Amino acid sequence: EEDVASIGKANEYIKTLKIRKARPLESLYPAADPVAIDLLKKMLQFNPRKRCTAEQALEHDFFKGVRRLEMEKRADQPLVGPAFLDSHKIDMQTLKQKSYEEAMWYKNHDPNNRTIDAPTGTSHGDE
């Protein structure tokens, strides 16, 4: 009950769903490293108050040996999504256009971007 209450407005919807017995992650992923299973259990907690934070996840033993603190950046303020996503009804054309604009922004801001001109196959980006 505490877990359902933790999700706010969605709790009425959740209460209409059929209760299913949980399956242990170990049985779903029998070949998985137990350390990976432990991290998944912490990240997949239904109740957000019981779920690990991103920082706690990065500090988990699963990332020992691969984490590079010097490369990490912290947001100094909450991330804000595009305003059009706040709409209760988004038309497909707007969603397609905004997705395209986002993809093009990343393409144009990637310092390692390599493009190939068709049909000559001339490569750009390594000059």
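Guide: A residue is buried when its relative accessible area is under 20%, exposed when it is over 50%, and partly exposed in between (1.4 Å probe, protein chains only). The model is predicted, so local features need pLDDT of at least 70 and side-chain atom pairs count only at pLDDT 80 or more, while totals for chains, interfaces and linings use all residues. Residues are numbered from 1 along each chain as its sequence is written, and side-chain values use heavy atoms, with hydrogens and water left out.

Visitor: Is L39 buried or exposed?
Guide: L39 lies in helix α4. Its relative accessibility is 5%. The limit for a buried residue is under 20%, so L39 counts as buried.

Visitor: Which residues does L39 touch, not counting residues up to four places away in sequence?
Guide: A contact means heavy atoms within 4.5 Å. With residues up to four places away in sequence not counted, L39 touches A57, H60, F62 and F63.

Visitor: What distance separates the C-alpha atoms of L39 and Q56?
Guide: L39 and Q56 are 17 residues apart along the chain. In space, their C-alpha atoms are separated by 9.6 Å.

Visitor: L39 touches H60. Where is the place of H60?
Guide: Helix α5 covers 54-58 and helix α6 covers 92-108. H60 has its place in the loop between α5 and α6.

Visitor: Does H60 count as buried or exposed?
Guide: H60 sits in a loop. Its relative accessibility is 11%. That value falls in the range under 20%, so H60 counts as buried.

Visitor: Which residues does H60 touch, not counting residues up to four places away in sequence?
Guide: L39, in helix α4, is one of the residues that H60 touches. The full list, with residues up to four places away in sequence left out, is V35, D38, L39 and K42.

Visitor: What share of the residues in the protein chain is buried?
Guide: L39 and H60 are two examples of buried residues, at 5% and 11% relative accessibility. The protein chain has 127 residues, and the buried share of them is 9%.

Visitor: In what order do the elements of the protein chain run?
Guide: Helices (H or I, at least four residues) and strands (E, at least two) are DSSP runs, numbered from the N terminus. The protein chain has six helices and two strands. From the N terminus on, the order is α-α-α-α-α-α-β-β.

Visitor: Which residues is Q45 in contact with, leaving aside its neighbours within four places in sequence?
Guide: Q45 is found in the loop between α4 (34-43) and α5. Its relative accessible area is 32%, so it is partly exposed. Leaving aside neighbours within four places in sequence, Q45 is in contact with K50 and R51.

Visitor: How many salt bridges does the structure hold?
Guide: Side chains of opposite charge can pair when their charged atoms come close. A salt bridge is a side-chain nitrogen of Lys or Arg within 4 Å of a carboxyl oxygen of Asp or Glu. By that rule, the number of salt bridges in the structure is seven.

Visitor: How far apart are the closest N and O atoms of E55 and R74?
Guide: E55 is in helix α5 and R74 is in the loop between α5 and α6, 19 residues apart, and the pair links distant parts of the chain. E55 is partly exposed at 36% relative accessible area, whereas R74 is exposed at 70%. The two form a salt bridge, and the closest N and O atoms are apart by 2.8 Å.

Visitor: Which residue meets D61 in a salt bridge?
Guide: D61 is partly exposed, with 48% relative accessibility. The residue that it meets is exposed, with a relative accessible area of 64%. The N to O distance is 3.2 Å, and the partner is K64.

Visitor: In which helix do K98 and E101 both lie?
Guide: K98 forms a salt bridge with E101, with the closest N and O atoms 3.9 Å apart. Both are partly exposed, K98 at 35% relative accessible area and E101 at 39%. The two are three residues apart, about one turn of the helix, and that helix is α6.
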